[in-house]
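Q: Please take me through one part of this structure slowly, with charged side chains as the topic, and explain how each residue is placed.

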Amino acid sequence: MRRWIGFAPLVVLLGLGVLFAGYALKHDPHVQPHALVGKPVPAVSLPDLDTGAMVAVRDAPAGPRLINFFASWCAPCRVEAPQLMALKARGVTLVGVAYKDEPARTQAFLAELGDPFAVKLMDRNGRAGIEFGVTGVPETFLVGADGVILAKHSGPLTDDDVQEMLGKLR
């Protein structure tokens, strides 16, 4: 019986290997949950970066828009900044939500890279990010005129991503 006890760690390790092979190798780590697509924008209010006044995210502003979660400490957000400025130039309404960031750092980030946002909100503790299901920044949500989320994109936006998302408005 004592000889079998020596093999117990090997049996456990073999079992973990089978679990890994059966699940992890077939699981796509790039799949992002899109639980809010087809649902209204969550009823959360956040302080405006400039005024500090509380603003309901679902009402800021009315009409079709992109809600972009970003942060000054986020390297991919820097990569995405020119794309957001190009969207602003095309007349796309952008709502920026500074995720887990300090107001002074957010303002410096926008001063350096340009400010594409019609409305800038602060989510300092990340609670709005939880309501939206944010898994990391940048993340962008396409919201229709009726306030329903039409699409979600995780990671920096590219030209193709923008065309795909805006195509869902038609």
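**Charged pairs and their surroundings**

A: Arg78 has a relative accessibility of 35%, and so counts as partly exposed, because that class covers values between the 20% limit for buried and the 50% limit for exposed. The model in which this is seen is a predicted one. The side chain of Arg78 meets that of Glu112 in a salt bridge, with 3.0 Å from N to O. Since Glu112 belongs to helix α3 and Arg78 to helix α2, the pair ties together parts that are 34 residues apart in sequence. Glu112 itself counts as exposed, at 52% relative accessibility.

This bridge is one of 5 salt bridges that the structure holds, and another of them leads to Asp115, which deserves the closest look. Asp115 sits in the loop between α3 (103-113) and β5 (119-123), where a relative accessible area of 24% makes this residue partly exposed. The side chain of Asp115 meets that of Lys120 in a salt bridge of 2.9 Å, N to O, and Lys120, with a relative accessible area of 12%, is buried. The link also extends to a third residue, for Asp50, Asp115 and Lys120 are joined in a network of salt bridges.

Asp115 has further partners besides these charged ones. A polar atom of the Asp115 side chain lies 3.0 Å from the backbone nitrogen of Phe117. If residues up to four places away in sequence are left out, Asp115 touches Met85, Lys88, Leu110 and Lys120. Of these, Met85 is 30 residues from Asp115 along the chain, while the C-alpha atoms of the two are separated by 7.2 Å.

A further salt bridge joins Glu139 and Lys152, whose closest N and O atoms are 3.4 Å apart. The pair links distant parts of the chain, with Glu139 in strand β6 (residues 139-143) and Lys152 in strand β7 (residues 149-154), 13 residues apart. Which of these two partners is buried, and which is exposed? Glu139, at 1% relative accessibility, counts as buried, and Lys152, at 11%, counts as buried as well.

To place these pairs in context, it helps to turn to the nonpolar residues. The largest nonpolar core has 41 residues, and Leu87 is among those with the most contacts inside it. The largest share of this core, 5 residues, comes from strand β4 (residues 94-99). Leaving aside residues up to four places away in sequence, Leu87 touches Leu66, Val92, Leu94, Leu157, Val162 and Leu166.

Notes: Residues are numbered from 1 along each chain as its sequence is written. This is a predicted model: local features need pLDDT of at least 70, side-chain atom pairs count only at pLDDT 80 or more; totals for chains, interfaces and linings use all residues. Side-chain values use heavy atoms; hydrogens and water are left out. A nonpolar core is a set of buried Ala, Val, Leu, Ile, Met, Phe, Trp, Tyr and Cys residues joined through side-chain atoms within 4.5 Å. Buried means under 20% relative accessible area, exposed over 50%, partly exposed in between (1.4 Å probe, protein chains only). Helices (H or I, at least four residues) and strands (E, at least two) are DSSP runs, numbered from the N terminus. Contact means heavy atoms within 4.5 Å. A polar contact is a pair of N or O atoms within 3.5 Å; within protein, one must be able to donate a hydrogen and the other to accept it, and residues adjacent in sequence count only if both atoms are side-chain atoms. A salt bridge is a side-chain nitrogen of Lys or Arg within 4 Å of a carboxyl oxygen of Asp or Glu.
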